[in-house]
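This report looks at a single structure, with attention to charged side-chain pairs, helix packing and a few polar residues.

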Amino acid sequence: MQLSQKIQQFIDSSLGAADFYEILSKKAPNSELGLMLAEIAKDERDNASAFNMVFKMFTGRPYVPQVEKIETSGDFRKLLRSRLLTEAARAISYGEEFLITERNKPLKSAYQKAMQDAYLHGQQIAYILDSL
């Protein structure tokens, strides 16, 4: 897979996750958990924006996302449980890209921030699951 395709995939993934967390923030059983999920959604949108800036640097044009909706109907707890494992996998993926990126500082920074956020989001989801 070419680098531009990877970045497109990360943009789409981050925006899909942002939509998911935004919807779940409105379904949260209390305002504290809703706020936490809304903050996760904001992080995801910020990461997508950072990756889109890097994409534009490479290609000279912004990427128009192809966001796939993540299922948000069903049991709140089950939905979050599935995302916990997804966030762990995303952190690993961003970390692998961070390690192999050498000369592109903006891209390396975007990978680092996305990796840190994915780990943090996993911890936040675990906290939410534990409080339900």
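The text below takes up salt bridges, then helix crossings, then two polar side chains.

The model is predicted, and side-chain atom pairs count only at pLDDT 80 or more.

**Salt bridges**

There are nine salt bridges in the structure. Three of them are set out here, with the N to O distance of each.

| Pair | N to O distance | Location |
|---|---|---|
| Asp 19 and Arg 45 | 2.9 Å | helix 1 and helix 2 |
| Glu 44 and Arg 90 | 2.9 Å | helix 2 and helix 3 |
| Glu 87 and Arg 90 | 3.2 Å | helix 3 |

Asp 19 and Arg 45 form a salt bridge with their closest N and O atoms 2.9 Å apart. Asp 19 belongs to helix 1 (residues 3–27) and Arg 45 to helix 2 (residues 31–59), so this pair ties together parts of the chain that are 26 residues apart in sequence. Is Arg 45 buried or exposed? Neither label applies: with a relative accessibility of 36%, Arg 45 counts as partly exposed, since that class covers the values between under 20% for buried and over 50% for exposed.

The salt bridge of Arg 90 with Glu 44 also has its closest N and O atoms 2.9 Å apart. This pair links distant parts of the chain, as Arg 90 sits in helix 3 (residues 76–100) and Glu 44 in helix 2, 46 residues apart. Arg 90 has a relative accessibility of 8% and therefore counts as buried. Glu 44 is buried as well, because its relative accessible area is 2%.

Arg 90 has a further salt-bridge partner in Glu 87, at 3.2 Å from N to O. Both residues lie in helix 3, three residues apart, which is about one turn of the helix. Glu 87 is buried, as is Arg 90. Which residues are joined into one network by salt bridges that share partners? They are Glu 44, Arg 83, Glu 87 and Arg 90.

**Helix crossings**

Helix 4 spans residues 105–131, and its axis comes within 8 Å of the axis of helix 3, crossing at roughly 155 degrees. Helix 3 and helix 4 are therefore roughly antiparallel to each other, angles over 145 degrees being counted that way. The crossing of helix 3 with helix 4 is left-handed. The residues of this contact divide into 15 nonpolar, four polar and seven charged.

Helix 2 also packs against helix 4: the two axes come within 10 Å and cross at roughly 165 degrees. Helix 2 and helix 4 are therefore roughly antiparallel, and helix 2 passes helix 4 in a left-handed crossing. In the contact of helix 2 with helix 4, the residues comprise 16 nonpolar, four polar and five charged.

**Two polar side chains**

Asn 52 is placed in helix 2. With a relative accessible area of 17%, Asn 52 is buried, because the limit for that class is under 20%. Setting aside residues up to four places away in sequence, Asn 52 touches Ile 11, Pro 62 and Tyr 63.

Gln 8 is found in helix 1. Which residues does Gln 8 contact, leaving aside neighbours within four places in sequence? The contacts are with Phe 55 and Tyr 63. Gln 8 and Phe 55 are 47 residues apart in sequence, while their C-alpha atoms are 7.7 Å apart in space. Tyr 63 is thus listed both as a contact of Gln 8 and as a contact of Asn 52.

Key
Residues are numbered from 1 along each chain as its sequence is written. This is a predicted model: local features need pLDDT of at least 70, side-chain atom pairs count only at pLDDT 80 or more; totals for chains, interfaces and linings use all residues. Side-chain values use heavy atoms; hydrogens and water are left out. A salt bridge is a side-chain nitrogen of Lys or Arg within 4 Å of a carboxyl oxygen of Asp or Glu. Helices (H or I, at least four residues) and strands (E, at least two) are DSSP runs, numbered from the N terminus. Buried means under 20% relative accessible area, exposed over 50%, partly exposed in between (1.4 Å probe, protein chains only). Contact means heavy atoms within 4.5 Å. Axes are lines fitted to C-alpha atoms, for helices over the stretch in contact, and angles run from 0 to 180 degrees between N-to-C directions. Angles under 35 degrees count as roughly parallel, over 145 as roughly antiparallel, 65 to 115 as roughly perpendicular and the rest as oblique. A crossing is left-handed if the near helix is turned anticlockwise from the far one by less than a right angle, and right-handed if clockwise. Ala, Val, Leu, Ile, Met, Phe, Trp, Tyr, Cys and Pro count as nonpolar, Asp, Glu, Lys and Arg as charged, and the others, Gly among them, as polar.
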